[in-house]
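Let's take a walk through a few local spots in this protein, one strand, loop and helix at a time. Have a look at the sequence and the fold before reading on.

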Amino acid sequence: MQPALSHQTPPPSPAMTSPSPSSSTVSSKRSKTKSEEAFKPSFADLPSSLMEIIMSRLVLKDNICASAACKRGHSLKLVDPFQWKSYTLELPEIAKSTVCYSREGWLLMHRSNSKDIFFFNPFSRELISLPKFAFPFNEIAFSYPPTSDNCVVVALNFNVQHRVTTISTCHPGATEWIASVFPANYQQFSMKTKIVYHNDRFYCFNVGIERLFSFHPSSRTWKSYPHANLDPTLTQDWYKKEHFLAETKGELFLMLTSLNEEPMVYKLVSWSWKNMSPSELDGLTFFVSFYNSELGTNLPWVRNNVCFSRFGYNRRHVSYSFDQSRYNPSIEWNNELELCPPQSLWINPPNNVLDYLFKTQSEEALKPSFSDLPSSLLEVIMSRLVLKDNIIASASCKSWCEAALSVRVVEKHPWLLSFSKRSSLFELHDPVQSKSYTLNLPELAESTVRYSSHSWLLMHASTSKHLFFFNPFTRELISLPKSTLPFQAIAFSSPPTSDNCVVVALNFTLRHHYVTISTCHPGATEWITEAFPAALLYYMKSKLVYLNDRFYCFTFGGNSLYSFYPSSRRWVCHEDVYHYHQLQGGWERREAFLAEKKGELFLVFTCGKEKPVVFKQGYLRWEKMSSTEPDGFTIFFSSYHSQMRTNLPWMRNNLCSLRFGNKRMRCLSYSFDKSRYNPHKGSLSWLELVPRPKCLWIDPPDNVLDYLG
């Protein structure tokens, strides 16, 4: 069976993720002239960037309705070049990924952002993952289909500067890649062919030094064949030529093309390249593309031909006939990318290919399904459901099940707890469900919130000097010894019901240049206080954060991060970590928030209407994070405690403040993706965004509704 041409509308990169224009089947389009189509423009033909702007302005209900209108976003057009039929496949599995290689009906895909590499069969929709691959590579290929026990993946990277070749191998089911480095005693190495598997070896051809190379996976040997050279007159302008390696029936072939010249074909005979005349081709057909090259035999309608992956001239692919010594169609080509564009490749369809393609575009368009909704939108829908409805929805179809399961393990978002400074009435607000509950907590009358973490409040009664923990959901109260010493910041490490709970209070005395640190734990009878010297002026700009057995705080004036280790009672100044002159403007106008997540420390700076700046603690320095690096985290900040969450699809890459607006439907936030505040409140100062004495973020328990019923 001849290969079929897999084609897309040209995207900006080789990734097979660009939308294809909405179309009917080939037979239905054949009856339309260009003028008729021009008078019937379709909204499905709008640019994806404009379509995204339109969809972003819709409420959720209208967004769902609009998404069922047509399919676009992960389209792949499959073309049978000899039957003149085309089919459109919707493949969301390969979103944001790039084709690296193709063989025997399988695609090898790569996601550069996540370093994921996986096999994908566009016909059966089967996906087989490989271990993440973080190293660069020039070429990559595989030997057999990933369902075979003999499948091996080989990635090559040529480092001309250091004169080494790094070869990494893997196979389906492996947990890691195995890399080997081989010396390369050549000064010029230009990879001009894809890798080809032939007789248990992977072959590639270098034109800069006119040499054939091979790699044997089982013995891990890298070999060059210095005698397998071409005529030097042919390789003088090698950079102007394209080279394609292909194999069939145990023989290796090399084809050279150069714009509108006649392609030249060579066969490897006794480790030497033999030039083949058109009469010696014996009916061979070359199928060449940007990603792979294949050889076919016994195809009477394309004997002695080179079939390029360029398609669309009178619904025919571009080819060169050795028998007629001409290109068809006869057009002057400017470069090889016009003949082998990175938006298309040849792929071998299975024998029962029509079983996978029995639905035409028109049939699918008349039967839109909610199972075809984008996965990101499905996650938002599922995240709004309570557990019972989530389970029911997951039984609808496979895509709904995957979306429902993905948000079941999503971290829970914090709730907003607002209060009057001396009142016993508290309001609890769920920012996602937009529901509020009023709590009457007389236990907290005449006391002030000092810190919040793990669903617990740390309260302080200034008149009686009484400090105590309080859980507003269970109404549990745990007292601490009285503390008569002043403090500027106070925090605790874990819930007071834990054996590891430690309370730490800090007070900076600028006049005498020292810091007083007091510690205590539930069940203790007194506080332990110790003073540490402080040579610099300190201006406390962040609350305490507990991470890896230490309490951290950040100060301006001292330009430093500080930590306190309760068990050894050590106070450490990390003075080389951060310097405030990295930011424009004075430090006295900025707010700083420390937060931790998965063992990492983050520092957020805000200043009026300016864009917030986020740093992640690296080795002895802060690493500034770009807008693309937050990786889906959400920061909930307050003057009492700041928290971080990940994988909250409705507020990814956001900073969420404590100020609610728009009839309390949503909190004011800053989106790193959109680089703006939402809603736009340019006149608000930061104290208005973070009202200090009035509200905080708190973690509700899993059964929070049982306490609020």
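Let's start with a pair of facing residues: Ala-491 stands opposite Val-504 in strand 34. Before going further, keep in mind that this is a predicted model, in which local features need pLDDT of at least 70, side-chain atom pairs count only at pLDDT 80 or more, and totals for chains, interfaces and linings use all residues. Residues are numbered from 1 along each chain as its sequence is written, and side-chain values use heavy atoms, with hydrogens and water left out.

Now back to that pair. Strand 34 (residues 503–509) and strand 33 pair in the antiparallel sense, over four bridges. Strands here are DSSP runs of E with at least two residues, helices are runs of H or I with at least four, and both are numbered from the N terminus. Two strands pair if DSSP finds at least two bridges between them. In strand 33 (residues 489–492), Ala-489 and Ala-491 point one way while Ile-490 and Phe-492 point the other way, and all are buried. Buried means under 20% relative accessible area, exposed means over 50%, and partly exposed is in between (1.4 Å probe, protein chains only).

Next up is strand 46 (residues 633–636). Phe-633 and Ile-635 point one way from this strand, Thr-634 and Phe-636 go the other way, and all are buried. Strand 46 pairs with strand 47 (residues 643–646) in the antiparallel sense over four bridges, and Ile-635 stands opposite Met-644. With six residues between them, strand 46 and strand 47 form a hairpin.

What is the strand order in the open sheet of four strands? The order is 28-27-26-51, with antiparallel pairing. Strand 28 (435–440) and strand 51 (695–698) are at the edges with a single partner strand each, so one side of each has no neighbour in the sheet. From one strand to the next, the twist averages 25 degrees (axes are lines fitted to C-alpha atoms, for helices over the stretch in contact, and angles run from 0 to 180 degrees between N-to-C directions). Strand 26 (residues 415–419) runs antiparallel to strand 51, and four bridges join them. In strand 51, Ile-698 is the bridge partner of Trp-415.

Ile-698 turns up again among the residues that Ser-455 touches, which also include Asn-471, Phe-473 and Asp-699, not counting residues up to four places away in sequence. Contact here means heavy atoms within 4.5 Å. Ser-455 lies in the loop between strand 29 (448–453) and strand 30 (456–461). Is Ser-455 buried or exposed? At 12% relative accessibility, Ser-455 counts as buried. A polar atom of the Ser-455 side chain lies 2.3 Å from the backbone oxygen of Asp-699.

Helix 10 (residues 398–408) has Trp-400, Ala-403, Ala-404 and Val-407 as its buried residues. Seen down the axis of helix 10, these buried residues fall within an arc of 100 degrees, so they line one face of the helix. The arc is that of the directions from the helix axis to the C-beta atoms.

Finally, some backbone angles. Most residues other than glycine have a negative phi. Here are two residues with a positive phi:

| Residue | Phi | Loop between | Relative accessible area |
|---|---|---|---|
| Lys-115 | near 65 degrees | strand 5 (106–111) and strand 6 (116–120) | 35%, partly exposed |
| Trp-271 | about 60 degrees | strand 18 (264–269) and strand 19 (272–276) | 41%, partly exposed |

Methods
Polar contact = N/O pair within 3.5 Å; in protein donor to acceptor, adjacent residues only side chain to side chain.
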